[in-house]
Amino acid sequence: MLKLYSTPGTCSLASHIALEESGAAYEAESIDFAKQQQRSADFLRVNPKGRVPALVTDRGIITESPAILAYIGQSFPDSAIGVPKDPFEFARIQSFNAYLCSTVHVAHAHKRRGSRWADDPAAIEVMTLKVAGNMGDCFELIENTMFSGPWVMGETYSVADPYLFTLTGWLEGDGVDPARFPKVFDHFQRMTERPAVKKVLAAVTV
Ligand SMILES: N[C@@H](CCC(=O)N[C@@H](CS)C(=O)NCC(=O)O)C(=O)O
């Protein structure tokens, strides 16, 4: 059975929702950041990067959200979250998810994880001041050029949707009003009505 290591409030929510949408048999184990469990010897054996999500499969462990999402989509092609076989359509999904992973998530991480990039407390403080502006710029680009509607890729729901939903949920905390992006905000609200999303949110909300 698949096993997902995740932490409430983090990017692992996207993989958790995708698993639920896929209909796969899976279990989820929560890693407690307050207890620094992501840096425990036990968890570092699962993911030496010390990050969630990590997905345990019968062939090994997968890390990195875009890879986990693609794996789930390809493993359950006939589910709501199945990815298209067409290489171009699949590349469009990967392109969107790679942007969320490598640019949007990194912009967000400068708020709480500035110590990854600087030791000087003043430099870390200055970096936090860039978060709202950078996140706003990223979501403007998504709203105006990347989001097709009604779902991220157009008519078909895909693994890009739970990922965008997860990062949209960070905007308020980053000092950005999500209502600035009407299509993305509407998407966020429609996502909360999906049974799989409701089920996962109920399971991870303490
Ligand atoms: N590129 C990775 C990023 C994973 C990541 O940074 N996860 C954060 C939570 S959103 C984490 O585990 N942080 C723990 C830490 O920094 O100690 C992915 O997309 O899966």
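1. A residue is taken as exposed if 12 or fewer other C-beta atoms lie within 10 Å of its own, as buried if there are 20 or more, and as partly exposed in between. In this predicted model, glutamine 36 has 11 other C-beta atoms within 10 Å and is therefore exposed. Glutamine 36 sits in the loop between β2 (26–30) and α2, and its phi is near 60 degrees, a positive value in a residue other than glycine.

2. Glutamate 64 also deserves a look at its backbone, since its phi is near 80 degrees, again positive in a residue other than glycine. The loop that holds glutamate 64 runs between β4 (60–63) and α3. Here the count of other C-beta atoms within 10 Å is 20, so glutamate 64 is buried; glutamate 64 is, in addition, one of the residues around the ligand. As background to both points, most residues other than glycine have a negative phi, and most peptide bonds are trans.

3. Two cis peptide bonds should be checked in the model. One joins valine 52 and proline 53, with omega at about 5 degrees, and proline 53 is placed in the loop between α2 (41–46) and β3 (54–57). Both Val52 and Pro53 are listed among the residues around the ligand. The other cis bond joins glycine 149 and proline 150, with omega at about 0 degrees, and proline 150 belongs to the loop between α6 (131–146) and α7 (160–168).

4. The shell around the ligand includes, besides the residues already named, Thr10, Cys11, Gln38, Gly50, Arg51 and Ser65, together with Cys101, His105 and Arg113. Sorted by class, this shell has four nonpolar, five polar and three charged residues. Because domain 1 (2–80 + 198–204) and domain 2 (87–194) both give residues to the shell, the ligand lies between the two domains.

5. The division into domain 1 (2–80 + 198–204) and domain 2 (87–194) comes from the domain assignment of the protein, and the centres of the two domains, taken over C-alpha atoms, are separated by 19 Å. Across the boundary, 14 residues of domain 1 are in contact with 11 residues of domain 2. On the domain 1 side, the elements that give two or more residues are α1 (12–22) and α3, and α3 gives the most, with six residues. By class, that side of domain 1 has 10 nonpolar, two polar and two charged residues.

6. The largest nonpolar core has 47 residues, and those with the most contacts inside it are Ala18, Phe139, Val159, Ala160 and Tyr163. Both domain 1 (2–80 + 198–204) and domain 2 (87–194) give residues to this core, so the core lies between them. If residues up to four places away in sequence are left out, phenylalanine 139 touches Leu171, Val176, Phe181 and Val184.

7. Alanine 67 lies in helix α3 (residues 65–75), and it counts as partly exposed because it has 16 C-beta neighbours inside 10 Å. From alanine 67 to leucine 55, the separation is 12 residues in sequence and 9.9 Å in space, C-alpha to C-alpha.

8. On the annotation side, the unreviewed UniProt entry carries "domain: GST N-terminal" for residues 1–80. In the model, this span is 35% helix and 22% strand, and its end C-alpha atoms lie 20 Å apart.

How values were computed
Residues are numbered from 1 along each chain as its sequence is written. This is a predicted model: local features need pLDDT of at least 70, side-chain atom pairs count only at pLDDT 80 or more; totals for chains, interfaces and linings use all residues. A residue is near a molecule or strand if its C-beta atom, placed from the backbone, lies within 6 Å of it. Ala, Val, Leu, Ile, Met, Phe, Trp, Tyr, Cys and Pro count as nonpolar, Asp, Glu, Lys and Arg as charged, and the others, Gly among them, as polar. Domain bounds come from an automatic or database domain assignment. A nonpolar core is a set of buried Ala, Val, Leu, Ile, Met, Phe, Trp, Tyr and Cys residues joined through C-beta atoms within 7 Å. Two residues are in contact if their C-beta atoms, placed from the backbone, lie within 7 Å. Helices (H or I, at least four residues) and strands (E, at least two) are DSSP runs, numbered from the N terminus. UniProt positions are given in the numbering used here, feature names are shortened, and annotations may be inferred rather than shown by experiment.
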